[in-house]
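User: I would like to go through a structure by way of questions, beginning with its charged contacts. Please state the criterion in use before giving any count.

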Amino acid sequence: MRKMLAAVVSRVLSGVAQKPARRVLVASYNYSKDATFEIKKCDLYRLEEGPPLTAVLTREDGLKYYRMMQVVRRMELKADQLYKQKFIRGFCHLCDGQEACCVGLEAGINASDHVITSYRAHGISYTRGLSVRSILAELMGRRGGCAKGKGGSMHMYAKNFYGGNGIVGAQGPLGAGVALACKYLGNSEVCLTLYGDGAANQGQIAEAYNMAALWKLPCIFVCENNLYGMGTSADRAAASTDYYKRGNFIPGLRVDGMDVLCVREATKFAADYCRAGNGPILMELQTYRYHGHSMSDPGVSYRTREEVQKVRSKSDPIMLLQERMVNSQLASIEELKEIDADVRKEIDDAVQFATTDPEPPLEELGHHIYSNNPPFEVRGTNQWIKFKSIS
């Protein structure tokens, strides 16, 4: 009995001792400070030159991008699980597979710049600065959510981030309006206005193009082309799938949206173009979503499982960055595995918080209608029900 007990204690102690040794190994590894990579050339429209064909990645930036993409991936997979467990209800659109878009776009602009997007907003909400806790809590309608539990999946907001918009294409004119404010204030800021290939066929997108071009607004229109608008492939829904040319009188570029460095360099190029006073520019990011359109869509009735698996095995954005970093000695497999473990813990902690956080009380239903206004009464579902609204 004593021998068995000693053996168990020995195994436990040896397991505890292995972790610090592994961290020492990672810390002592002789890493490169930076590396230069060739990136795919962008297709150009009404532009004489485009983004560079090489990109420098520092070790610091590489680790940051890797961790951010892993957080978005793990967060979306956890949201899938929580939805199936009925912690999350209603509309829920996941963006796993498109991580290079949200991370690369954020890496190419300043924190003071502005972003507005569609209902597939979880990833860009995180890269704009919201915590995983506040996002998952909002998905579950809890008080600790970024919109106090009253916005849900499609309506998340942060500083200089204007949602999450539930109406297809509605963010197009709103983004042009934000860009108009930037020009009016003369602050050299730009607005990224994101929409999908399905929304690209909306008339209001064309109207936003026209006004932005007329007034030379610093607006970067970003079409995230994941090849399917709901369950309809792009070539069945659009007479022209060259979305980067859709601006007609607006210059455009088509970008590899599965490569975070390609997205970053193209975004920097587009932002510089707008800041120089040239007016709007259009970016098409060629990307892919692994999940269906929403949680009600299994995603395999209009495409095959083999198609999804082929993209996963050949073009996965996290895998591509990992291979680059390891092969150029910017990081080791062991170090990236430690990041993976830290991310899993962060997601688990956020789930624990969100599932135990209370829902907002009924008395707060009328709060936050205005950002800065004296308290006033709001009528409920009938004239006898009144709610107090506090900013």
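Analyst: A salt bridge is a side-chain nitrogen of Lys or Arg within 4 Å of a carboxyl oxygen of Asp or Glu. The model is predicted.

User: How many salt bridges does a search of the whole structure find?

Analyst: The criterion rests on the separation of a side-chain nitrogen of Lys or Arg from a carboxyl oxygen of Asp or Glu, with a limit of 4 Å. Applied to the whole structure, the search gives 15 salt bridges.

User: Arg73 and Asp316 meet in a salt bridge. How many residues apart in sequence are the parts that the pair ties together?

Analyst: The N to O distance between the two side chains is 2.8 Å. Arg73 belongs to helix H2, while Asp316 sits in the loop between helix H10 (305-315) and H11, so the pair ties together parts whose separation in sequence is 243 residues.

User: Are Arg73 and Asp316 buried or exposed?

Analyst: Buried means under 20% relative accessible area, and exposed means over 50%. By this scale Arg73 and Asp316 are both buried.

User: Which residues are joined with Asp242 into one network by salt bridges that share partners?

Analyst: Asp242 forms a salt bridge with Lys245, where the closest N and O atoms are 4.0 Å apart. The side chain of Asp242 also meets that of Arg254, at 3.0 Å from N to O. Arg254 lies in strand E9 (residues 252-256) and Asp242 in the loop between helix H8 (234-237) and E9, so this pair links parts 12 residues apart in sequence. Salt bridges with shared partners thus join Asp242 into one network with Asp43, Lys245 and Arg254.

User: How does Arg254 count in terms of burial, and at what relative accessibility?

Analyst: The limit for a buried residue is under 20% relative accessible area. Asp242 is partly exposed, with a value of 25%, and Lys245 is partly exposed at 35%. Arg254 counts as buried because its relative accessibility is 17%.

User: In what order do the six strands of the open sheet run?

Analyst: The pairing in this sheet is mixed. The edge strands, each pairing on one side only, are strand E2 (43-45) and strand E4 (114-116). The six strands follow the order E2-E9-E10-E6-E5-E4.

User: Which residue of E6 stands opposite Cys191?

Analyst: Strand E5 (residues 191-196) and strand E6 (residues 219-225) pair in the parallel sense over six bridges. Opposite Cys191 in E6 stands Cys219.

User: What angle does the direction of helix H6 make with that of E5?

Analyst: Helix H6 (residues 171-185) packs on the sheet and touches E4, E5 and E6. The angle between the directions of H6 and E5 is about 175 degrees.

User: What distance separates the C-alpha atoms of Leu330 and Arg59?

Analyst: Leu330 is in the loop between helix H11 (317-327) and H12, and Leu330 counts as buried because its relative accessibility is 0%. Its contacts include Phe37, Leu57 and Arg59. Leu330 and Arg59 are 271 residues apart along the chain, and their C-alpha atoms are separated by 5.2 Å.

User: Which helices do the buried residues of H5 pack against?

Analyst: Helix H5 (residues 132-139) is mostly covered, with seven of its eight residues buried. Among them are Val132, Ile135 and Leu139. These buried residues of H5 pack against helix H2 (59-84), helix H4 (122-127) and helix H12 (333-356).

Methods
Residues are numbered from 1 along each chain as its sequence is written. This is a predicted model: local features need pLDDT of at least 70, side-chain atom pairs count only at pLDDT 80 or more; totals for chains, interfaces and linings use all residues. Side-chain values use heavy atoms; hydrogens and water are left out. Buried means under 20% relative accessible area, exposed over 50%, partly exposed in between (1.4 Å probe, protein chains only). Helices (H or I, at least four residues) and strands (E, at least two) are DSSP runs, numbered from the N terminus. Contact means heavy atoms within 4.5 Å. Two strands pair if DSSP finds at least two bridges between them. Axes are lines fitted to C-alpha atoms, for helices over the stretch in contact, and angles run from 0 to 180 degrees between N-to-C directions. Lists of a residue's contacts leave out its neighbours within four places in sequence.
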